[in-house]
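Let's go through this protein together, one "why" at a time. Each answer sets a value against a definition.

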Amino acid sequence: PAVQSNKLNGRNYPLTGEIITAEHLLGLPEIVQRYLNESGVVGQTMVSTVQLRQTGNIRTAPDAPWMKVKAVETYNIELSEFLWYADVKMNPFVWLTGYDRFQDGHGVMKIKIYDLFSVVDASGPSIDQGGMIRYLNELMWLPMGYLHPAVSWGYADEKSVEISITINEMTVSGVIDFNNDALPINFTAKRYMEDRKSTRLNS
């Protein structure tokens with residue numbers, strides 16, 4: 001959903017290469033405006049691509065052992081897409097490579113042992129929705145992404161706000177909770193399955 005015009009639904013959206021101004025924040029919930037001001041996006045140039053490098057530990061379940069991981073995640077804010085590529089060391093002798101991709105409204109997850117043998121190759125509606133939820137959750141790492149017209153806002157109070165994203169006529173939503181300094185501290189998303197039931201996810 002690339003931005004074709006910087007005017008939509010009564011709001012003014014920054015195009016890639018434009019300087020973000022206070023006018024671009026108008027119409028957003030007050031707590032979101034506070035967060036964007038605190039994060040320093042006003043005065044910055046709107047970019048289309050952001051890349052993060054990650055190191056740490058990861059596990060597949062609450063009772064599973066921790067594994068060392070190095071990853072690179074690239075976001076395209078203009079198209080609401082991401083690619084996460086990771087190297088995971090299970091033990092001194094076994095390592096995994098994998099990626100989690102969300103592109104054009106569709107998600108794909110693949111994991112290989114030694115970058116040769118496939119152990120996970122997942123796609124489909126549930127993975128699509130999971131990719132959208134992950135992108136929506138991780139927008140707090142790239143706050144100017146909240147200014148994209150694919151993102152919409154619902155009920156808000158002093159410390160929480162409803163947020164949704166729509167891509168290719170599919171929508172996922174959740175609630176962001178903020179602390180007293182207007183910093184996001186929790187995201188609770190709702191995954192919409194084909195049978196219209198939903199499951200609460202916390203991250």
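Q: Why is H2 described as largely enclosed by the rest of the structure?
A: Because 10 of its 14 residues are buried. Buried means under 20% relative accessible area, exposed means over 50%, and partly exposed is in between (1.4 Å probe, protein chains only). Among the buried residues of H2 are Met-132, Ile-133, Tyr-135 and Leu-136.

Q: What kind of model is this, and what is counted?
A: This is a predicted model: local features need pLDDT of at least 70, side-chain atom pairs count only at pLDDT 80 or more, and totals for chains, interfaces and linings use all residues. Residues are numbered from 1 along each chain as its sequence is written, and side-chain values use heavy atoms, with hydrogens and water left out.

Q: How do you know that the end-to-end distance of H2 agrees with its expected span?
A: The expected span is 1.5 Å times one less than the number of residues. For the 14 residues of H2 this should be 20 Å, and the end C-alpha atoms are 20 Å apart, so the two agree.

Q: Why is Trp-95 called partly exposed?
A: Its relative accessible area is 37%, and partly exposed lies between the under 20% of buried and the over 50% of exposed, so the label fits. Trp-95 sits in strand S6, residues 94-103.

Q: Which residues join Trp-95 in a nonpolar surface patch?
A: Tyr-114, Leu-116 and Phe-117 do, and together the four have about 440 Å² of accessible area. Patch residues have over 30% relative accessible area and no salt bridge; like charges are joined within 9 Å, and nonpolar side chains (Val, Leu, Ile, Met, Phe, Trp, Tyr) within 5 Å. A salt bridge is a side-chain nitrogen of Lys or Arg within 4 Å of a carboxyl oxygen of Asp or Glu.

Q: How many aromatic pairs are there in the whole structure?
A: A search finds six. In one of them, Tyr-35 and Tyr-146 are 6.1 Å apart centre to centre, with 70° between the planes. Rings of Phe, Tyr and Trp (its six-membered ring) pair if their centres lie within 6.5 Å; planes under 30 degrees apart count as stacked, over 60 as edge-to-face and the rest as tilted, so this pair is edge-to-face. Tyr-35 and Tyr-146 are both buried.

Q: What makes the pair of Tyr-75 and Phe-82 tilted?
A: The angle between the planes is 50°, and angles that are neither under 30 nor over 60 degrees count as tilted. Both Tyr-75 and Phe-82 are buried.

Terms used:
Areas by Shrake-Rupley, 256 points an atom, 1.4 Å probe, with all protein chains shown as cover. Helix = DSSP H or I, 4+ residues; strand = E, 2+ residues; numbered from the N terminus.
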